[in-house]
Structure formats: C-alpha cells, structure tokens
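The exercises below ask how helices pack and how strands pair in one chain. Each task is followed by a solution that goes step by step.

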Amino acid sequence: MATRLERIDQQRMQKLDRIRKQDINPYPNRYQRTHTATQAVDLLTKQETAGKKNPMLINIGGRIMAIRKMGKGSFVDIRDGSGKIQLLFQNMDGYDEKIRELFENLDIGDIIGASGKIFRTRRGEPTVEVEDFTLLAKSLHPLPEKWHGLSDVDTRYRQRYLDLIANTEVKEAFKMRSQIITAIRQFLNERGFLEVETPILQSAAGGALAKPFITHHNTLDQDYYLRIALELYLKRLIVGGYDKVYEIGRTFRNEGISTRHNPEFTMLESYEAYADYKDVMNMVEEMVSKIIWQILGKYEVNFGDDVISFEPPWQRVDLRQTIEKYSGINIDKFPDVDTLRDEMLRLNMEADPKKDRGKLIDWLISTFVEPKLVQPTFLLDYPLDMSPLAKAKPGEDGVVERFEAFAGGIEIANAFSELNDPLEQRRRFTEQLQMRQGEDEEKWTIDEDYLHALEYGMPPTGGLGIGIDRLVMLLTGQESIREVILFPQLREKPQ
C-alpha cells in the first residue's frame, strides 16, 4: 500500500500530466519579473505617499507557500529571495477557462509568476490583484511539515534546499555569513592587502599538523594533498616581494567531525611584512570589532546563555599562567613529555602515551582553558613544542611569539611572528618529521621548495589565520558549525 507521501507525489504527477495536456509548458525558459516582493511593497509605499490612484502593472514571481480559497476568490502567498507577498485572485469566474483549470492544478511549493496591480487590503496587507499568471515550475513533492517549518536536523543538513525554503531564519544566517566575508575583504583591502589565490592541490602537506586528504593526478602519475593550510604558499609571496597578502579559501583536514569541526572549512590567512604578532593582534581586535559593529550596529552578541562583548580592548593573558590557573599545572616545570605526562597522571588527568608534549599542552588548553574564555581573549606566548612555524621570543627559552584568540569558548584566530630563519626552520621541520614517523593520525612532510624560498630571505612577518566558520558561528549565535556551512559533510545513509 502506498504511503501518504507517495499518494501526494502521485497526485502531483497527475496534475503535471493534466497541465501538459492543456498544452502548457510547466517549466518555461524564462519569466520577465519587474519587481521582487520587497520592491513591490516599497513601490506601494511610494504610491501611497504620492497619492497615486492608478498604480502601475507589475510582474512578480515566487514559490507558493499558502493557498486560501474563499468563495469565488482566493489568496495565495508567494515567497521569493527577498521576502513574502500576498496575491489575490479576485473572481475566478472572470478568468479564462484555461487559467482557471491551471489554478486548480496548483500546489503549495509550485513557483508561479503573476501580473497585476498592488494595493493594500482592509487589514493593511500589501497584495497584488492578479490579472494574469503563469506556472514557472511544478513542484513534484510537498514541502516539509506542511511548509510551516523543518525541524529534523538530519534532513535540514542533507537537504539544505528544503531548510532554506522552510526556515527563513536560516537564510538570514547565511546572508550574514556573506556580509561578514565581504566586510573582512573590505577591511583588508583598505589596509593595502592584496587578495590572492594559492593551490589547493599541493605536493607537500604543510603549514599545520593535520591529517590530509590524498588524491592522485592521472596525467602526472603523482599523489597530491588537499591543502591543510594556506600558509606556506602565501609566505612564498612575501619572499617574492608582496608586503601584504591574504586569501579566503577552502581548507581540508581528514579528521573528526563535531559541532566545531568539518572536514572542509573556510580560512582567512593574511601575512604582513615588517610586522610581528603584536601588530597582528591589534589588527584582529580592530577588524572583528569593526565588522560586528558594521553588521549588527552593536558590539554585543548572544551566544548560548552568554552575552559576548567584542568592544575593544580585549583581554590579553599569558598562556602558561592561564594553564596553571585553570589546570593547576605549571608547564615550565615539566620541560619534556615524560615529566608532563607523569604530572598529569598524578592529577588524574588523561595523558595519552602517543601524544608528544605539544599535544598534551594542547589538551590542557582545550580541556581547562578554552571553556573559561567566554569574553574575547588573546592567549599569548606559546611553547615551541606547539609552534614549529613561529619565531622564538627573545629572552625566553622554548617560547615563541604566538597568540590565539578565543570567544564563547571557541578559538577564532591563530597568529605568529613568522619564523624566517631557513636553517632553524629546516631543523624544526626535521625534528617534527622524526617525532611523527609511523603516526597514522597526522601526515607531516617537509616542503623543500618552501625552505628553498626562505633561503632567499623573507622579511620579519606577522601571520594570521581566522576560522571563518567559527567566527560566523559566534556572530550568528549558532553553536554548531553545521548551521553556518551550507552543505556540511555527513555520513551517507544506507540505501
């Protein structure tokens, strides 16, 4: 026996067949729209202000979201990319028989174009009195949950098009994402940065400690990695003589999926010659706070149960002191992996024997420190173990000039004074490679061409990475990264 949905689909196919038998193309090539829904309402307001008695004829188009039949007339709500507007089919008997039959074969979800004059009903509702209409696309399936909303999370992510149709607030979140990226570009362009594009397919997986995706180029008969970071190619451009460069692009890491991690994500990376991490820190604070004010008109955003204020200045705290404050461990007293692991075990903490000192410290940060950093905070001066691409801090052994920025318990930025000593960089790369020999979780390769580029000389440089998806999460109040990525990765459903 057919299910209810299968019966509805069959009925829609029958209606499609009847429409075709009327010699009507249910999927015409184009439609000349004169106004969006929002523009039509603006036009009505201008007409009312000007006291015009004879409004102009307009053409609008959109998806049917509701049909209300009332005697000889019918109201139809349609929605386009700008918003919703009401149509009035005033007297169905007055329409041509072919038009009446077409109207009877309409369903919620169909896309139509309508011509008529806009007016305001007695209830004050902007409405187009339809003189003629045409079917632009027949929907062969009903909209989810009687078109009042789609709440099933799995369906929302797998069929984002339904999510966007059913939930207008979702569309607004992605519009804000676009505004944020546009504002970032504007900010950096105004500061003299040049936007560039670098390879996604790379012969060496470098710029971060992460497990890459691997693909194969048939013609060259060579394996390539999908980039895990933008860094090394952008710094080649600093060597080449550009003083300020940035890229906003997709990055790929073959790792876990969570509310804060997606295998492909969007990164901003920027590099500025003759700058250090303090200069970058000031730029991040100015950029993020300025963008928030520009888009929201305020510095405060609601995130979960918290109200986060991005108004400058943000707090700046020493990483090592903060780890000790929240975990009870002074990492300076445990200079190697064995002593640090022993201390963590003594305090009944997890201490994976496969992790090196840098990863154990990273675990302490993510477990004890990150959740405490609700208001915007810069964590300063990281251990060398965690930062093979950062310049050493003068006067402090084993410490580099690096910061990470956090808000809402989420890391949003990472920056270094970039290491530009080619011999020291080679030594660190070699050491990292030796430490990770045989590891499956991460792939570390030495990018020989990058080292060769450094040997020609790179000026002191401040580098920055910002996770665009996480920044959008904060600004839109979303606690899952899947809410700000249009098509997140999901496990395939079994057939």
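**Exercise 1.** In this predicted model, describe how helix α10 (residues 337–346) packs on α11, giving the approach of the axes, the crossing and the residues involved.

*Solution.* Begin with the axes: those of α10 and α11 come within 9 Å of each other and cross at roughly 35°. Next, take the hand of the crossing, which is left-handed for α10 and α11. Then list the residues that meet, which are Val337, Leu340, Arg341 and Met344 on the α10 side and Arg357, Leu360, Ile361, Trp363 and Leu364 on the α11 side. Finally, sort the residues of this contact by class, which gives 7 nonpolar and 2 charged residues, with no polar ones.

**Exercise 2.** Determine how helix α9 (residues 319–327) is placed against helix α11 (residues 357–369), and decide which orientation term applies.

*Solution.* Two packed helices are described by the angle between their axes and the distance between the axes. For α9 and α11 the angle is about 60°, and the axes lie 9 Å apart. Angles of 65 to 115 degrees count as roughly perpendicular and those under 35 degrees as roughly parallel, and α9 and α11 are therefore oblique to each other. The crossing of α9 and α11 is left-handed. In the contact itself, Leu319, Thr322, Ile323, Tyr326 and Ser327 of α9 meet Ile361, Leu364, Ile365, Phe368 and Val369 of α11. By class, this contact of α9 with α11 holds 8 nonpolar and 2 polar residues, and no charged ones.

**Exercise 3.** Work out the strand order of the open sheet that contains β7, β8 and β9, and identify its edge strands.

*Solution.* The sheet has 3 strands in the order β7-β9-β8, and the pairing is antiparallel. The strands that pair on one side only are β7 (201–202) and β8 (214–217), and these are the edge strands. Looking at one pairing in detail, β7 is joined to strand β9 (residues 222–226) over 2 bridges in the antiparallel sense, and Gln202 stands opposite Tyr225 in β9.

**Exercise 4.** Establish how β12 and β13 are connected, and which turn residue has a positive phi.

*Solution.* Strand β12 (residues 300–303) and strand β13 (residues 306–309) run antiparallel and are joined by 4 bridges. Among the facing residues, Phe303 stands opposite Asp306 in β13. With 2 residues between them, β12 and β13 form a hairpin, and in its turn Gly304 has a positive phi of about 60°.

Definitions and conventions. Residues numbered from 1 in each chain as written. Predicted model: local features only at pLDDT ≥ 70, side-chain atom pairs only at ≥ 80, totals over all residues. Heavy atoms only, no water. Axes fitted to C-alpha atoms, helices over the stretch in contact; angles between N-to-C directions. Parallel < 35°, antiparallel > 145°, perpendicular 65-115°, else oblique. Left-handed = near helix turned anticlockwise from the far one by under 90°. Contact = heavy atoms within 4.5 Å. Nonpolar A, V, L, I, M, F, W, Y, C, P; charged D, E, K, R; others polar. Pairing = 2+ DSSP bridges.
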